[in-house]
Amino acid sequence: MEENEEKEARRGPLVSAAAGAVSVGVNMMKEKFSELSHDAASKKLKASANFPMIRLPEGYEIEKIAEGLTYPTSVTWDDQGNLYVAEAGGTFLDEEDASARILRVESNGRTTEVVNLDGKIYPAISGMTWYQGAFYITHRDKELFGAVSRVTPDGEVTKILGGIIDSQSDHQPNDVRVGKDGRMYVCVGIGGNSGYMDENMIPFVLKAPGGHPTPAKDIVLTGYNIELPDFRPGGKGTVLTGAFMPFGTATKPGQVVKGNNKCGGSILVFDPENAEATVRPYAWGFRNTIGIAWNKAGELFVAVNGYDNAAGRPINDYHDGSYRVKEGAWYGWPDFAANFEPVTDAKFKPSSGAIPPTYRGTEKVAQELHLLIDHEASGLEKPDKSLILALHEVNSSPSKPDVAPASWGEFADQLFIPEYGDFQWITNPMRDKFAGSRIARVETSGSGENTLHPFIQNEKVGPGSQQGKLGEGIERPYDVKFGPDGAMYIVDFGSHRTSLKRIADGHFPIEFDRETGMVWRVVKTK
């Protein structure tokens, strides 16, 4: 095959898979901006004196302490109270060719490079924390396996944990934090969207064809396979792909998938001095765990990005979720929605044409959503709804949260959750407005109510750049951390947009803008 023909063959399925979403999504994005929701909490938000398009409660103010950053993802502090920010070095793959590095944020707003990780790790850096004289970061390696590395201030890098298979997809390890027990906790995304390595995973399958979702314990499959074009080099016609399998590998009813101590869709825990020998799942059955935090009672909470209503096994979920974390619990992926109802419920059904031909083993069956795990045979029970802390708007993408210190008075011990926002029609072609691009809060006490309240958001819903005011409003908040000074710090990833050209070239279809990332600081003024 000639080079150009081969390129067309590889990109063709991605273009065709996206074509319907483009035609629907573009037509439905005409009236995307809406005023603040009119609940009591929104009505109490006031315009910032420094940035008038930003709204936050009276008695608080926001300032920008760093800008011009490229793909910032995390902040942390050393033992002397110095503030550091990580630049990811890329986004979903290494196509952006940006530097992965750790910068110190100076008091005058300038940043100084402390460690450059180019050539030492494979991007992107998603999580970062400081522990016992070193930085700990999450990233991928050259084979796209997920990893955690220790980085000293003089630039020495030691990978302490590797081989996370699920990271050979669009979901890599995210937040990394150390608990009061001295153990390290890492959020790990699942392989793919909703059970299969489907056409949404083309760029990843082409780089790492063995990638697939993995469970924490042995599970028994129901054996449903989907039929997709074989987009692999040399592939012809169509091929069946089963749940929890690499692309092109079919399953049969009753097939057992072995559990993995480095499973995806999980919170992993380990001793940082002996990570490989001690790593195990703390909780699992999430889709894409992004961030964790503890309240003063020691309860653990996690923010999760939910299903995309995307080709392969599209699930028209209503929410993303933040949850109380119970050790050893299964949280329902890939068979339960964010509110722990089965995805086979009629309300979650996408348009019939979006579901590919489906087989149970090799027998063709109804082209509809099916449960992928035999729960009874696998010893799994329906997730406990009492573990739901809060339900976010679907595609709002709750990210890396933190709990407010006692100095925050009425908001003390509440969980503050950055909502990164939607990927427009990619995550859901039926979206007709923006979601996220704000900081929300929710009570964490056992007697508290589970209602999300806006804490910081723009006057109109959506990123500042999409309103013609890049840098004047909240863009894509990814990390919230409370510093040693008691202030809230927000890592704002920066602006991006859907790129049809990137789709045609076979890349992940988002164009990310360099030097648009920021760090915000929020303080009490009363």
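Analyst: Quick definition before we start: a salt bridge is a side-chain nitrogen of Lys or Arg within 4 Å of a carboxyl oxygen of Asp or Glu. Keep in mind that this is a predicted model. In it, Glu63, Asp485 and Arg521 are linked in a network of salt bridges, and a search of the whole structure turns up 22 salt bridges.

User: What makes the pair of arginine 280 and glutamate 327 a salt bridge?

Analyst: The cut-off is 4 Å from nitrogen to oxygen, and these two side chains meet at 2.8 Å, N to O. So the pair passes the test. The partners come from distant parts of the chain, 47 residues apart: arginine 280 sits in strand β19, while glutamate 327 is in the loop between β22 and β23.

User: Why are arginine 280 and glutamate 327 called partly exposed?

Analyst: Buried means under 20% and exposed means over 50%, with partly exposed in between. Arginine 280 has 28% relative accessibility, so it lands in that middle range. Glutamate 327 has 43%, so the label fits there too.

User: How do you know that glutamate 341 and lysine 385 meet in a salt bridge?

Analyst: Their N to O distance is 3.8 Å, and the limit is 4 Å, so they qualify. Glutamate 341 is in the loop between β22 and β23, and lysine 385 is in the loop between α5 and β25, so parts 44 residues apart in sequence get tied together.

User: Is each partner buried, partly exposed or exposed: what are the labels for glutamate 341 and lysine 385?

Analyst: Glutamate 341 has a relative accessible area of 18%, so it counts as buried. Lysine 385, at 42%, counts as partly exposed.

User: And arginine 438 with glutamate 419: what makes that pair a salt bridge?

Analyst: The side chains meet at 2.7 Å, N to O, which is within 4 Å, so the rule is met. Arginine 438 belongs to strand β28 and glutamate 419 to strand β27, so this pair joins parts 19 residues apart in sequence. Arginine 438 is buried at 17%, and glutamate 419 is buried at 1%.

User: Let's switch to strands. Why can we say that β6 pairs with β7?

Analyst: Two strands pair if there are at least two bridges between them. Strands β6 and β7 are joined by 5 bridges and run antiparallel, so they pair. Isoleucine 102 stands opposite valine 115 in β7.

User: What makes β4 and β7 the edge strands?

Analyst: The open sheet has 4 strands, in the order β4-β5-β6-β7, with antiparallel pairing. Strands β4 and β7 each pair on one side only.

User: Now the empty spaces. How many cavities of 30 Å³ or more are there?

Analyst: The count comes to 3. The largest cavity holds about 130 Å³ of space. Of the 18 residues lining the largest cavity, Arg287, Val304, Tyr323, Ala337 and Ala338 are the closest to its centre.

User: What makes up the lining of the largest cavity, by class?

Analyst: There are 10 nonpolar, 5 polar and 3 charged residues. Strand β22 gives the most, with 3 residues.

User: And how much space lies in the second largest pocket?

Analyst: About 780 Å³. It is lined by 32 residues, and those closest to its centre are Arg177, Val178, Trp294, Asp402 and Phe482. By class, the lining of the second largest pocket has 17 nonpolar, 6 polar and 9 charged residues.

Key:
Residues numbered from 1 in each chain as written. Predicted model: local features only at pLDDT ≥ 70, side-chain atom pairs only at ≥ 80, totals over all residues. Heavy atoms only, no water. 1 Å grid on protein atoms, 1.4 Å probe; cavity = no way out; pocket = protein on both sides within 12 Å on 5 of 7 lines; lining within 4 Å. Points joined across faces, edges and corners; volume = space filled by probe spheres on them. Nonpolar A, V, L, I, M, F, W, Y, C, P; charged D, E, K, R; others polar. Helix = DSSP H or I, 4+ residues; strand = E, 2+ residues; numbered from the N terminus. Buried < 20%, exposed > 50% of the residue type's maximum accessible area, 1.4 Å probe, protein only.
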